[in-house]
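Student: Got a minute to walk through this one with me? I'd like to poke at the helices, the odd backbone spots and the way the parts fit together.

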Amino acid sequence: MSTLRSAKDPNYQKPLTRLIDTAAGPLDLKSHEAEGGYSALRKAIKELKPQDVQAKVKEANLRGRGGAGFPTGIKWSLIPMGPDAGTKYIVCNADEMEPGTFKDRLLMEQAPHQLVEAMALAGYAIQAQTGYIFLRGEYVVAAERLNRAIAEARAAGLLGKNVLGGEWSFELYVHTGAGRYICGEETALINSLEGRRANPRAKPPFPQIAGLWGRPTIVNNVETLSNIPHILLNGPTWFKELNQGKTSDAGTKLYGVSGRANKPGCWELPMGTTARELLEVHAGGMRGGKKLKAWLPGGASTDFLLPEHLDLPMDFDTIARAGSRMGTGLITVVAEDQSIVSAVRNLEEFFARESCGWCTPCRDGLPWTVKILRAIENGQGKTGDIEQLSKMTRWLGPGRTFCAHAPGAMEPLQSAIKYFRDEFEIGIVCDIDEVKPDVCTLPAGLPDITDDRDLATKKAS
Amino acid sequence: MSTDKVVKLADLNKPSFVLSDEERHEIEHALTHYPDGRAASIDALKAVQKHRGWVPDDAIPVIAEAIGISAADLEGVATFYSLIFRRPVGRHVIKVCDSISCHLTGYDELRGELEKQLGIRFGQTTRDGRYTLLPICCLGACDRGATMMIDDDLHGPVEPKDVAAILGNYQ
């Protein structure tokens with residue numbers, strides 16, 4: 001990671017990570033403030049109305065970094081304002097559990113004060129009285145550092161009653177979870193925070209109207225929020241230009257590479273950087289000189305893309321047009337000698353286990369999908385299995401389930417079948433009960449099992 | 001024989017579960033974070049688990065009472081979340097990331113080596129009560145695959161040859 005600690009440069013290009021030095025650890029409050037920390041909060045409380053903060057974030061065209069890319073300013077604009085609005089909450093989604101994603105951990109472990117200031121600013125913008133950082137239970141280092149940062153900020157009057165001597169009061173707490181990927185779903189997160197099973201809620205009403213304890217609530221991702229102090233300090237135009245003209249999406253992005261790359265990692269780069277630059281320049285190419293076979297653009301719930309897509313700018317709209325989603329923007333690379341069927345089986349096992357079990361297509365469809373994939377992986381798939389998997393991608397697709405869990409699970413599956421159907425076909429054994437051995441054409445690479453007496457006996461019995 | 005009977009009768013009269021002062025204090029502290037006691041469910045379960053390693057059945061009504069919800073509701077929460085343990089675990093809990101990035105960087109080999117050295121499979125505890133082995137979803141350290149957590153410590157990248165030395169640090 002960057003070891004640059006020169007926040008005083010007004011034209012800094014890497015706002016989120018500029019103060020991060022992983023060897024030295026996070027800055028304490030005093031050092032953080034010396035580098036410009038909390039000046040955005042001071043400015044907001046002194047000079048800006050909550051609506052002005054909202055307007056700047058909207059104008060900056062900040063889009064949600066949790067995976068969906070929804071414009072933050074528009075999300076905020078749906079929250080009731082004014083003296084009669086009553087109790088409101090700001091919640092940070094720090095339940096980073098999307099397989100292949102490791103960016104929020106970096107921000108929370110190495111720049112906890114940045115997130116604390118961001119939560120205060122977002123809380124001020126929507127006039128929330130209380131904020132919660134919903135942190136996954138396994139992030140013990142992040143929990144410790146965030147709690148320390150909150151304690152420091154509270155002692156300095158940056159949180160608590162009458163923040164910085166103004167009229168607005170704000171309490172901030174870290175809430176740690178106890179597992180389950182589904183907690184990252186916005187409404188499941190709210191249920192979990194209330195101390196319930198993390199089943200998603202029906203929408204509408206949206207959380208902005210009726211969220212935590214039925215009150216208006218905004219849920220934003222760690223990286224999304226961490227941008228806010230910088231937008232307020234440097235202005236929406238500066239933020240929009242951070243992309244260096246690579247795309248229409250604004251700001252920087254924490255991109256990353258994992259899988260069989262030489263130097264996997266996470267880097268803050270202009271929005272719209274290509275996956276090729278991520279893989280070949282920053283991650284040092286594929287390990288062992290292997291060729292790239294396929295890549296997930298941003299987590300387990302995004303469609304596979306191919307080497308031919310590497311030159312597309314990594315932004316929300318471009319990757320969507322290529323038939324996938326940018327998701328979290330941390331790519332996972334599969335090497336030429338690795339099995340796509342095996343990778344998809346692994347992904348679907350994950351989704352099957354992490355389904356909350358609330359609705360039938362997801363609860364029953366995902367284990368069924370896993371069963372078929374395991375059979376194909378072991379060379380015991382049956383005729384019609386691929387067609388069945390294709391049906392699954394529709395039965396579990398958008399609109400058929402309560403939340404986006406199962407549709408997300410279908411994205412890597414449908415793209416794997418689209419691009420690598422031959423790998424699935426290799427795992428299909430001709431059904432010798434239905435087809436005469438002499439007309440059965442075996443896929444290349446499989447031993448001729450019609451001569452295998454053991455298997456034939458088993459089949460007959 | 002008669003002594004056995006006496007012990008058993010005495011057991012019946014013992015209060016089944018009592019929160020320690022420390023546990024009660026931690027639960028009460030968590031309650032101050034929320035306008036509704038139910039929200040402290042996970043904090044309260046984790047407080048008990050921190051001190052005892054797991055959450056026994058007879059703890060549920062006691063914890064539920066401490067936060068002011070029904071035992072049935074708390075049971076529903078306690079059985080939903082994968083990191084609330086409802087059976088005794090070993091002194092050290094090993095959580096092996098089985099998600100895609102680690103799958104692509106040596107998860108199968110790491111899991112195999114752990115199972116071989118410990119003589120247990122996922123969900124099991126070694127006979128000496130030292131280790132419990134569990135799978136876990138993406139630990140958010142994909143640049144360090146294959147990864148695992150032992151207790152609160154993250155390890156990665158871990159190759160099979162590293163396993164013995166790492167385990168040796170957890171007695």
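**A helix in chain B, and onward**

Tutor: Sure, starting with α3 of chain B: what covers its buried residues includes α2 (21–31), α4 (59–67) and α5 (71–78) of chain B. Keep in mind that this is a predicted model.

Student: How many of the residues of α3(B) are buried?

Tutor: Nine of the twelve, so α3(B) is largely enclosed by the rest of the structure. The buried ones are Ser41(B), Ile42(B), Asp43(B), Ala44(B), Leu45(B), Lys46(B), Ala47(B), Val48(B) and Gln49(B).

Student: And what does α3(B) reach from its first C-alpha to its last?

Tutor: The helix covers residues 41–52 and reaches 17 Å, close to the 16 Å expected at 1.5 Å a residue.

Student: What follows α3(B)?

Tutor: Gly53(B), with a positive phi near 90°.

Student: OK, switching chains. Which residues of α12 in chain A are buried?

Tutor: In α12(A), residues 275–282, they are Ala275(A), Leu278(A) and Leu279(A). They cover an arc of only 85° around the axis, which puts them on the same side of α12(A).

Student: Why would residues with that kind of spacing point the same way?

Tutor: An α-helix has 3.6 residues a turn, so residues three or four places apart point the same way.

Student: What do the buried residues of α12(A) pack against?

Tutor: Three strands of chain A: β5 (252–259), β7 (292–296) and β8 (330–335). After α12(A) comes Gly284(A), which has a positive phi near 70°.

Student: Fine for glycines. What's the phi of Asn162(A)?

Tutor: Positive, about 45°, although Asn162(A) is not a glycine. For background, most residues other than glycine have a negative phi.

Student: Where does Asn162(A) lie, and is it buried or exposed?

Tutor: Asn162(A) sits in the loop between α7 (140–155) and β3 (171–176) of chain A. It has 12 C-beta neighbours inside 10 Å, so Asn162(A) counts as exposed.

Student: And Arg180(A), buried or exposed?

Tutor: Arg180(A) counts as buried, because it has 24 C-beta neighbours inside 10 Å. Its phi is positive as well, about 85°, and Arg180(A) is not a glycine either. You'll find Arg180(A) in the loop between β3 and α8 (186–193) of chain A.

Student: Since you mention α8 of chain A, what is Ala188(A) in contact with?

Tutor: Ala188(A) lies in that helix, α8 of chain A. Leaving aside neighbours within four places in sequence, Ala188(A) is in contact with Ile182(A), Cys183(A), Ala198(A), Asn199(A), Pro200(A) and Cys356(A). As for Pro200(A), the C-alpha to C-alpha distance to Ala188(A) is 4.0 Å, with the two residues twelve apart in sequence. Ala188(A) has 25 C-beta neighbours inside 10 Å, so it counts as buried.

Student: Back to chain B. Which residues does the cis peptide bond with omega about 5° join?

Tutor: Gly145(B) and Ala146(B). Ala146(B) is in the loop between β2 (131–136) and β3 (148–150) of chain B. There's also a cis bond between Gly156(B) and Pro157(B), where omega is about -5°. Pro157(B) belongs to the loop between β4 (153–155) and α8 (163–168) of chain B.

Student: Now the big picture: how is chain A divided?

Tutor: Into domain 1 (29–239), domain 2 (243–335) and domain 3 (340–426). The C-alpha centres of domain 1 and domain 3 of chain A are 35 Å apart. Their contact takes nine residues from domain 1 of chain A and eight from domain 3 of chain A. On the domain 1 side, that breaks down as six nonpolar, one polar and two charged.

Student: And how is chain B divided?

Tutor: Into domain 1 (7–78) and domain 2 (92–168), and 30 Å separate the centres of those two domains of chain B, taken over C-alpha atoms.

Student: Last one: how many residues does the contact take from each chain?

Tutor: 32 from chain B and 40 from chain A. On the chain B side, the elements giving two or more residues are α3, α5 and α6 (100–103) of chain B. By class, that side of chain B has 17 nonpolar, ten polar and five charged residues.

Conventions
Residues numbered from 1 in each chain as written. Chains lettered and ligands numbered in written order. Predicted model: local features only at pLDDT ≥ 70, side-chain atom pairs only at ≥ 80, totals over all residues. Domains from an automatic or database assignment. Contact = placed C-beta atoms within 7 Å. Nonpolar A, V, L, I, M, F, W, Y, C, P; charged D, E, K, R; others polar. Buried ≥ 20, exposed ≤ 12 C-beta atoms within 10 Å, placed from the backbone. Helix = DSSP H or I, 4+ residues; strand = E, 2+ residues; numbered from the N terminus. Arc of directions from axis to C-beta. Expected span 1.5 Å × (residues − 1).
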